[in-house]
Amino acid sequence: MSNSNFSGCNNKFGLKCYLLQLVVVLLLAGYQLGWGQWKIETNILSLLPTDSQAQASQQQDINQAKSALFQQANQRVLVAISGEQAIPAYHQLANTITSFTGIENESMTVPDISDVIAFYQPYRDSVMTDDYQALLTEPQAINNFVLGKLTQVSDPFVSGSLAISPRLNLADFLATGLTQLQSFETEQGIIVVHKDGLKHYIMPIKVNVDGFSVKQTQAFSTQLQAEFQRLETKFDVDVLYSGVLFHTAESSQQAEYEMSTFGVISLLAVLLMILAVFRSAKPVNLSLLVLAISIIYGLTAVVTLFNQLHLLTLVFAVTLIGIVIDYCFHAFVSLSVSNSNTGGGIKSIRTALCLGFITTALGYAALIMSPLSLLSQVAVFMIFGLFGALLTVLLLLPYLNLSGNISVTPSVWTLTDKLNTWLTRLHQQRRLVFALLSLGLVSVIVIDDINFNDDIRLLNSSPAFLIDNEIKMAKLMGYQHSQRIVITADDSETLLQRQEVLLARLQHSQQQGLTVKSIASLLPSVAKQQASNDLLKDAEQQQIFQQGLAILGLTDTVDGFKPLTLDAFNSGPLQALSAVYIFQYKYQNQDTKSIDESVDKKATMKYALWVETSGVALNTDLQQWIADQPDMSIDNKPAEVSAALSHYRQALLLLFAGAILVVTIVLCLRFGLMQGLLGLLSIMVSAGGALLLTQLSLGHLNIFNLLAVLLILALAIDYVIFYQEHGLQRNTVLAITLSAISSALVFGVLALSVTPAVESFGLTVMFGILLVFLLSPLSAKQVTVLSTKQVETESRGDDVSNNSIEVVK
């Protein structure tokens, strides 16, 4: 068999294999998109490293408790209505909510004091405050206390409990506990907060959103906001609202808008450029075909490997357009100067395309195992998307009979030759250029400190009015300096005892201005109740209450001990308070296998509660003590996330070192030591310059700028490989120029995003592409310039002969 026949058979076999795997991918895509278990995720915090990944295994239970608490908070919305018609507006909202599916008014009905006192009657001699307990050591002190309480004839707790608990320990316990937990006033059964001379009527709302479903979240948000607007118009009131629901809805809508807008703008700009360069609709159609196939590959891989696809993944994945179009440009330009009708032009760039894909894929592969799920998803999308594009360009395009049907506009060749001449002159001065740029880069870094910002708000695209609402609501409700300390335990009694240990530590710290709220003020542990009952019996035996009871003309005997348990408390009138502070959650034991070996996680129910501190921040000693407790943790999600981002950013620097090593090895093995180091230098200077320009533009850098550098490396290696493979040939210069313009258009659009992370990512990549475009030609081993005669011949559309190229070394 002749070589041509053998090659033809191989090409046909390759085409059959390509079509077969394409059918398989399309079938898998149809199944996954139509019947797969994946779903769209919009929760920003779901992108971040999970606690089980970021912390030690012994912290699994407290981390899962915090996650359960966070999920609970995500379903709550707080509404504050103020104005002369606030009460009618409040009732209107309450009535309207009853007709909304999945939305319910969580306003707690304030129980009657007599009902609360009646509930506590069986436990009257087992509950007391710490202050009351301190009085039991001195008969005169307790008698003075009792006499002082008796003068407060308007105190409903005293009048209501005097007959059943004449020692007034129950009255003191209930008055102190309810005042501590419910510091707000009530009016007609509605919580009222006074602020700036106005009454704000508070309504907590629960929204049953399942896993941040995009459509569900947006529907609830739209429904509630429309109702708030109607109330403001109808009753002339001000409605203030806050909640994660609204941020999630706005972020998802913004992501959808940016995904569609940026994608359409980028695609149209690139397609118009293709049309202008080749003056034919065929390259446009083929580019759309390659792009569509690459998107199918990428999307199929993501929904197959991940249960949740985040909208920000799709926003970042718009960058696929820029790289896929690069492959198309190289193919079109090569085919336009080829004499072969069987895809010879494609063969001439096959090695460079494959090397470019391998290095790009290696750059993204480093992100697949990232604890940041956004990076993992984007990496999978890009690798498989580019793989689909590579196969299509190498195996499908040669069989579409492109030669002779695609030609570059003569004016474009003319501009390319002028650019080539300029690049040749720049190449001749490359030592000076590299020296000046490297010296300038180092000097600026030394003079201007690099400032990294790892704030979680970089991921937030919420509009200003929502952020302003959160600030106003925090001031209104006194949440500005509040912190929650989460405690977890296997049973409710241990949970309550550990809470009391924490409260004792907080009290011992004697921090001025520190306010503490906890369910312990109404539900002490059984152990503490037993101790209180024993103290009361001892005091009775010592006749400490004799004088006070004589004044009242009453006799009373301390009852036998009867514990108030969590189950009993939840059957009483204050159950709503228990539901706020104590919750159960399913604990997934990562290290335990169930009886069924196919299930590697065993779920058990555990208890958790939270204690709120406000007024001032906890001092360092308290924070350290809490951090040392295996069952306690301060719930500060933003700080934890920022710390995780900072930690991962530092780890990313090690990833850069590995990527640079891989790039150096690939370039040196392929092109020799000197050329490999020159290519590496152009890449490194471009990446460093991009970071520096971003620092000067935004005033800081973040982890997403470092991620942008990974993409810059991937793109830069493509350019360097093509220049080192082919030199400064006019078709190489043209293809890379078109690729750089298209990539700049794609990433430049991302710089317009309102999400800071996306904006900074796009800006850094755009700067990097500009620098790589200017510096990568300097690494070429030789420069080639077409003679004037050849330029005229090429302008007429004739074929270019390789023998008519002057080589300038």
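Does Asp-196 count as buried or exposed, and at what relative accessibility? At 72% relative accessibility, Asp-196 counts as exposed. The report below places this residue within the wider architecture of the chain, which is a predicted model.

## Overall composition

The protein chain contains 32 helices and 15 strands. Of its 809 residues, 52% are buried. Among contacts in the chain with a separation of 6 or more, 80% join residues that are 24 or more positions apart.

## Loop residues with positive phi

Most residues other than glycine have a negative phi. Asp-196 departs from this sign, with a positive phi of about 55 degrees although it is not a glycine. Asp-196 belongs to the loop between β5 (190–195) and β6 (198–207).

Arg-279 is another non-glycine residue with a positive phi, in this case near 50 degrees. The loop that holds Arg-279 runs between α11 (244–278) and α12 (281–305). Its relative accessible area is 63%, and because exposed means over 50%, Arg-279 is classed as exposed.

## Buried positions in strands

Ala-80 is located in strand β2 (residues 76–82). With a relative accessible area of 1%, Ala-80 is buried, since the threshold for that class is under 20%. When residues up to four places away in sequence are not counted, Ala-80 touches His-200, Tyr-201, Ile-202, Asp-238, Val-239, Leu-240, Met-473 and Leu-476. For one of these partners, Val-239, the separation along the chain is 159 residues, while the C-alpha atoms of Ala-80 and Val-239 are separated by 5.8 Å.

Gln-483 lies in strand β9 (residues 483–489). Gln-483 has a relative accessible area of 17% and is therefore buried. Leaving aside neighbours within four places in sequence, the contacts of Gln-483 are Val-611, Glu-612, Thr-613, Leu-618, Ile-634 and Asn-636.

## Nonpolar cores

In soluble globular proteins, nonpolar side chains tend to be buried together. In this model the largest nonpolar core comprises 112 residues. Phe-278, Leu-367 and Phe-761 have the most contacts inside this core. Helix α29 (residues 703–726) supplies the largest share of the core, namely 18 residues.

Another core, of 67 residues, lies apart from the largest one. Its members include Phe-157, Val-158, Ala-568 and Val-611. Val-611 is also one of the residues in contact with Gln-483.

## Packing of α28 with α31

Two packed helices are described by the angle between their axes and the distance between the axes. For helix α28 (residues 673–698) and helix α31 (residues 756–775), the angle is about 140 degrees and the axes are 8 Å apart. The two helices are therefore oblique to each other, and the crossing of α28 and α31 is right-handed.

On the α28 side, the contact is made by Ser-682, Val-685, Ser-686, Gly-689, Ala-690, Leu-691, Leu-693, Thr-694, Ser-697 and Leu-698. On the α31 side, Glu-759, Ser-760, Leu-763, Thr-764, Phe-767, Gly-768, Leu-771, Val-772 and Leu-775 take part. By class, the residues of the contact of α28 with α31 are 10 nonpolar, eight polar and one charged.

## Packing around α30

Helix α30 (residues 730–750) packs against helix α14 (residues 320–336) at an angle of about 160 degrees, with the axes 9 Å apart. The helices α14 and α30 are therefore roughly antiparallel to each other, and their crossing is right-handed. From α14, the residues Ile-321, Gly-322, Ile-325, Asp-326, Phe-329, His-330 and Val-333 meet Asn-731, Leu-734, Ala-735, Ile-736, Leu-738, Ser-739, Ser-742, Ser-743 and Val-746 in α30. The contact of α14 with α30 has nine nonpolar, six polar and one charged residues.

Helix α18 (residues 410–428) also packs with α30, at an angle of about 100 degrees and with the axes 9 Å apart. This pair is therefore roughly perpendicular. The contact involves Val-412, Trp-413, Thr-416, Asp-417, Leu-419, Asn-420 and Leu-423 of α18, together with Arg-730, Asn-731, Val-733, Leu-734 and Thr-737 of α30. The residues of the contact of α18 with α30 divide into six nonpolar, four polar and two charged. Asn-731 and Leu-734 of α30 appear in the contact with α14 and also in the contact with α18.

Conventions: Residues are numbered from 1 along each chain as its sequence is written. This is a predicted model: local features need pLDDT of at least 70, side-chain atom pairs count only at pLDDT 80 or more; totals for chains, interfaces and linings use all residues. Side-chain values use heavy atoms; hydrogens and water are left out. Axes are lines fitted to C-alpha atoms, for helices over the stretch in contact, and angles run from 0 to 180 degrees between N-to-C directions. Helices (H or I, at least four residues) and strands (E, at least two) are DSSP runs, numbered from the N terminus. Angles under 35 degrees count as roughly parallel, over 145 as roughly antiparallel, 65 to 115 as roughly perpendicular and the rest as oblique. A crossing is left-handed if the near helix is turned anticlockwise from the far one by less than a right angle, and right-handed if clockwise. Contact means heavy atoms within 4.5 Å. Ala, Val, Leu, Ile, Met, Phe, Trp, Tyr, Cys and Pro count as nonpolar, Asp, Glu, Lys and Arg as charged, and the others, Gly among them, as polar. A nonpolar core is a set of buried Ala, Val, Leu, Ile, Met, Phe, Trp, Tyr and Cys residues joined through side-chain atoms within 4.5 Å. Buried means under 20% relative accessible area, exposed over 50%, partly exposed in between (1.4 Å probe, protein chains only).
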